[in-house]
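Biologist: I am new to this structure, and I would like to go through it slowly, asking at each step how a description was reached. Could we look at it together?

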Amino acid sequence: MPGRTCKADPLKAPDRPYLALGLEGSANKFGAGVVKHAPDGTVTVLSNIRHTYITPAGEGFQPRDTALHHREWSLTIIRQCLQKAEISLTDVDCICFTKGPGMGAPLQSVALVARTLSLMYNKPLVGVNHCVGHIEMGREITGARNPVVLYVSGGNTQVIAYSRQCYRIFGETLDIAVGNCLDRFARVINLSNDPAPGYNIEQEAKQGTRLLNLPYTTKGMDVSLSGILTASEAYTMDKRFRPDGKPRDETDTDIITPADLCFTLQETVFAMLVEITERAMAHIGSKEVLIVGGVGSNERLQEMMGIMARERGGQIFATDERFCIDNGIMIAHAGLLAFRMGFSTPLTKSTCTQRFRTDQVHISWRA
């Protein structure tokens, strides 16, 4: 991946190549990645490997089982990551891990692996905010300079903009995250969790033809999604609902199919997200919007956001599933940015927290 030099940032190009190993495991994916920051200012992804814990259709993933998955796969994924990068752990300058937010047990299992490697190879630790990792990776990949960020994932929904070495939260969900909303509805209609329930909802929605009524709940700069989920579930109990999507006969046109519900859910929720993002862009006078997080790989969301941005004379930035979906390379990159500014996490402070807000991080590497 070609990199770029951020000339407006206080972080100077390194005097030598720096390498970091990043470990991510805040939810049902364990990821490891190696990144290199070169003296000419470029950033290169040397490897980016992950493994997903997939449960049967209709089931979610429990913290304990997810943590066991991460422990089982950690050494295999790390070994593959280092082999692909053609380095050893003695070559890295620091080991970065997700400090939070996320699910408690999976976070702790990954932090344990990071601490163990740190002690074995005498390498500094860098605890990374998961949300900041998404943002910095998105900025690096797309080249966005100072965008309004829509961060949408299974556990987070936030509208963010940078100011004075901090990512400020302009708006967020008041209850459940958009990814959680989509995942839970996928379980209601028994969609597969392979490769991801949100992805399967997106594919199902492409077949939808009816836009049904769902509550549209924006409250200033915030959104509420639990009521929309409840209303969507209620449609599955309607006598017009056909789980198989087929009418009883050719004249039965008033049916409701799973595809219709997925289409309606996406259109309603994404319209809400576009609205609050546009309001933030107008407030700070930005012409750029960057979508990050797992739901950010949804093509319909990118399309709707792109229409809004172009109408404002602006531009949308987004990445594909390699960097939108949780991965180790985003943790390595954000951690190495902090490490090069002199930050490291003492072993005694290498704990995790499920509630580590984006606006609690000092973004020392930006002007």
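Biologist: What makes you call strand β2 mostly covered?

Modeller: Let me say beforehand that this is a predicted model. Strand β2 spans residues 29-37, and eight of its nine residues are buried, where buried means under 20% relative accessible area.

Biologist: How do you know that β1 and β2 pair, and in which sense do they do so?

Modeller: Two strands pair if at least two bridges are found between them, and strand β1 (residues 18-24) is joined to β2 by seven bridges in the antiparallel sense. One of the positions to look for is Gly-22, whose bridge partner in β2 is Gly-33. The two strands form a hairpin, with four residues between them.

Biologist: Which strand do the nine bridges join to β2, and what lies between the two?

Modeller: The nine bridges lead to strand β3 (residues 43-52), and β2 and β3 run antiparallel; Lys-36 stands opposite Thr-44 in β3. These strands also form a hairpin, here with five residues between them, and Gly-41 in the turn has a positive phi of about 90°.

Biologist: Turning to the helices, why are α4 and α5 called roughly perpendicular?

Modeller: Angles of 65 to 115 degrees count as roughly perpendicular, and the axes of helix α4 (residues 178-188) and helix α5 (residues 197-205) cross at roughly 75° while coming within 8 Å; α4 and α5 are therefore roughly perpendicular to each other. On the α4 side the contact is made by Leu-182, Asp-183, Phe-185 and Ala-186, and on the α5 side by Pro-197, Gly-198 and Ile-201. By class, this contact of α4 with α5 has five nonpolar, one polar and one charged residues.

Biologist: And why is α4 described as roughly antiparallel to α7?

Modeller: Helix α7 (residues 258-284) packs with α4 at an angle of about 170°, their axes being 12 Å apart. Since angles over 145 degrees count as roughly antiparallel, that makes α4 roughly antiparallel to α7.

Biologist: Which residues meet there, and how do they divide by class?

Modeller: From α4 come Val-178, Cys-181, Leu-182 and Phe-185, and they meet Leu-261, Cys-262, Leu-265, Val-269, Phe-270 and Leu-273 in α7. The residues of this contact divide into ten nonpolar, no polar and no charged.

Biologist: What makes β8 and β12 the edge strands of the open sheet?

Modeller: The open sheet has five strands in the order β8-β7-β6-β11-β12, with mixed pairing, and β8 (167-172) and β12 (315-317) are its edge strands, as each pairs on one side only. Neighbouring strands of this sheet are turned by 25° against each other on average, direction ignored.

Biologist: How do you know that the pairing is mixed?

Modeller: Strand β7 (residues 157-162) and β8 pair in the antiparallel sense over five bridges, with Tyr-162 standing opposite Tyr-167 in β8. By contrast, four bridges join β6 to β11, which run parallel, and Val-149 stands opposite Leu-290 in β11. β11 and β12 also pair in the parallel sense, over three bridges, and Glu-288 stands opposite Gln-315 in β12.

Biologist: What makes β11 count as mostly covered, and which way do its residues point?

Modeller: Five of the five residues of β11 are buried. Glu-288, Leu-290 and Val-292 point one way from the strand, whereas Val-289 and Ile-291 point the other way.

Biologist: Which residues touch the most other members of the largest nonpolar core?

Modeller: They are Val-178 and Leu-225, in a core of 43 residues. The elements giving two or more residues to this core include β6, α4, α5, α7 and β11, and α7 gives the most, with eleven residues.

Biologist: What is Leu-225 in contact with, leaving aside its neighbours within four places in sequence?

Modeller: Its contacts, meaning heavy atoms within 4.5 Å, are with Thr-173, Asp-175, Ile-176, Ala-177, Val-178, Cys-181, Val-269 and Met-272. Apart from the largest core lies another core, of 23 residues, among them Leu-19, Ala-32, Ile-77 and Val-92.

Terms used. Residues are numbered from 1 along each chain as its sequence is written. This is a predicted model: local features need pLDDT of at least 70, side-chain atom pairs count only at pLDDT 80 or more; totals for chains, interfaces and linings use all residues. Side-chain values use heavy atoms; hydrogens and water are left out. Axes are lines fitted to C-alpha atoms, for helices over the stretch in contact, and angles run from 0 to 180 degrees between N-to-C directions. Angles under 35 degrees count as roughly parallel, over 145 as roughly antiparallel, 65 to 115 as roughly perpendicular and the rest as oblique. Ala, Val, Leu, Ile, Met, Phe, Trp, Tyr, Cys and Pro count as nonpolar, Asp, Glu, Lys and Arg as charged, and the others, Gly among them, as polar. Buried means under 20% relative accessible area, exposed over 50%, partly exposed in between (1.4 Å probe, protein chains only). A nonpolar core is a set of buried Ala, Val, Leu, Ile, Met, Phe, Trp, Tyr and Cys residues joined through side-chain atoms within 4.5 Å.
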